[in-house]
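Here are a few notes to keep beside you as you look around this structure for yourself. Take them in order, or skip to the part you have on screen.

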Amino acid sequence: MIRLFVRPMPLALILIFATFIPMLMAGVRIVQIPAELLPEDSLRLTVAPVSHWLHSIAGLLFGLLGPLQFARALRARFGVLHRLSGRVFVVAGLGMALSGLALLAQVESIATALLDIARAAFSVALFVALVLGVRAARVRDRSTHRAWMIRAYAIGMGGATVALVMFPIYLINGAPITGHASDLVFVSWWLVTIGLGERVIAQTRHKEVYQ
Ligand code: HEM
């Protein structure tokens, strides 16, 4: 019984908890966009309904499937499912990167150049990471495959999980931060998330211990 409590929490559970807010938001947008029920502060995005909707669906799938792909118990027991949902994860990630770029091109930005450049760069990085991850899987190079997929997940979720740091800042500050300060926090958090991904890759390079 005690072991149940001292065992490290499975990574998949931590990831599901950390990504809950953006997942919920993406799920709500999937319904709101076709129903034309977007809230006031997202009305700017109505100029690109297809990209906005595809981005929300792709983000939801990518965020839901990522933690499941990394769960060792599921990989070991349900190898076929891992390969099937892995394909969906990759297509969703590629779609998310492309629709993210499309949103950048189609919607008038309210962010600073710093965040827009970071979004474009991370979209390209996500695309490249997924392609390299698939290539490694094809040649059965499991350790390289795992590294590129963890990297892709960290790049993809880095921007989406920024609420985890923005909310405490809001509580301390008493008001949301805006402009350059907000975008600096945004990009810094994205880099921290990528750094965390690299740490997981380094720690699990020789043994599959991330679950
Ligand atoms: C490389 C990763 C990502 C990039 C580059 C990216 C890029 C973007 C861009 C440029 C926008 C438009 C922002 C605006 O002008 O207000 C956007 C919005 C959005 N993104 Fe992402 N995104 C990424 C990951 C994700 C993920 C993982 C999710 C899902 C969990 C997600 C869900 C959304 C949603 C729901 C919106 C619409 C927000 C709204 O309706 O107000 N994105 N994203």
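**Notes for a first look**

1. A good place to begin is Ile169, which sits in helix α9, a stretch that covers residues 163-173. Please keep in mind throughout that this is a predicted model. Ile169 is partly exposed, because 14 other C-beta atoms lie within 10 Å. If residues up to four places away in sequence are set aside, Ile169 touches Ile177 and Val185. Leu115 is another matter: 54 residues separate Ile169 from Leu115 in sequence, and their C-alpha atoms are 18 Å apart in space.

2. Next, try His180, which belongs to helix α10, residues 179-203. Is His180 buried or exposed? His180 counts as exposed, because it has 12 C-beta neighbours inside 10 Å. Leu114 makes a useful partner for a distance check: His180 and Leu114 are 66 residues apart in sequence, with 8.1 Å from C-alpha to C-alpha.

3. Now for the interior. In soluble globular proteins, nonpolar side chains tend to be buried together. Here the largest nonpolar core has 27 residues, and those with the most contacts inside it are Leu126, Ala129, Ala152, Tyr153 and Ile155. Two or more residues of this core come from each of α4 (49-70), α6 (79-106), α7 (113-138), α8 (142-158) and α10. Which element gives the largest share? That is α8, with nine residues. For a closer view, pick Ala129: leaving aside its neighbours within four places in sequence, Ala129 is in contact with Trp148, Arg151, Ala152 and Ile155.

4. The ligand deserves a stop of its own. Around the ligand there are 29 residues, of which Pro22, Ser42, Gly59, Gly100 and Ala160 come nearest. At least two residues of this shell are supplied by each of α3 (20-35), α4, α6, α7 and α8. The most comes from α4, which gives six residues to the shell around the ligand. Sorted by class, the shell holds 17 nonpolar, ten polar and two charged residues.

5. Two of those helices are worth viewing as a pair. Two packed helices are described by the angle between their axes and the distance between the axes. For α3 and α4, the angle is about 145° and the axes are 9 Å apart. Their crossing is left-handed. On the α3 side, the residues making the contact include Pro22, Met23, Ala26 and Ile30, while on the α4 side Trp53, Ile57, Gly59 and Leu60 are among them. By class, the contact of α3 with α4 has eleven nonpolar, five polar and one charged residues.

6. Please also look at the loop between α3 and α4, where Leu45 is found. Why does Leu45 count as buried? Leu45 is buried because 20 other C-beta atoms lie within 10 Å, and 20 or more is what the term asks for. Not counting residues up to four places away in sequence, Leu45 touches Leu38, His52 and Val107. Leu45 and Leu103 are 58 residues apart along the chain, and their C-alpha atoms are separated by 8.0 Å.

7. Glu36 also has its place in the loop between α3 and α4. Glu36 counts as exposed, because it has 8 C-beta neighbours inside 10 Å. The backbone here merits a check. Most residues other than glycine have a negative phi, and most peptide bonds are trans. Phi of Glu36, however, is near 55°, a positive value in a residue other than glycine.

8. Finally, visit Arg140 in the loop between α7 and α8. What is the phi of Arg140 near? The value for Arg140 is near 60°, again positive in a residue other than glycine. Arg140 counts as exposed, because 8 C-beta neighbours are found inside 10 Å.

Note on methods. Residues numbered from 1 in each chain as written. Predicted model: local features only at pLDDT ≥ 70, side-chain atom pairs only at ≥ 80, totals over all residues. Helix = DSSP H or I, 4+ residues; strand = E, 2+ residues; numbered from the N terminus. Contact = placed C-beta atoms within 7 Å. Core = buried A, V, L, I, M, F, W, Y, C linked by C-beta atoms within 7 Å. Near = placed C-beta within 6 Å. Nonpolar A, V, L, I, M, F, W, Y, C, P; charged D, E, K, R; others polar. Axes fitted to C-alpha atoms, helices over the stretch in contact; angles between N-to-C directions. Left-handed = near helix turned anticlockwise from the far one by under 90°.
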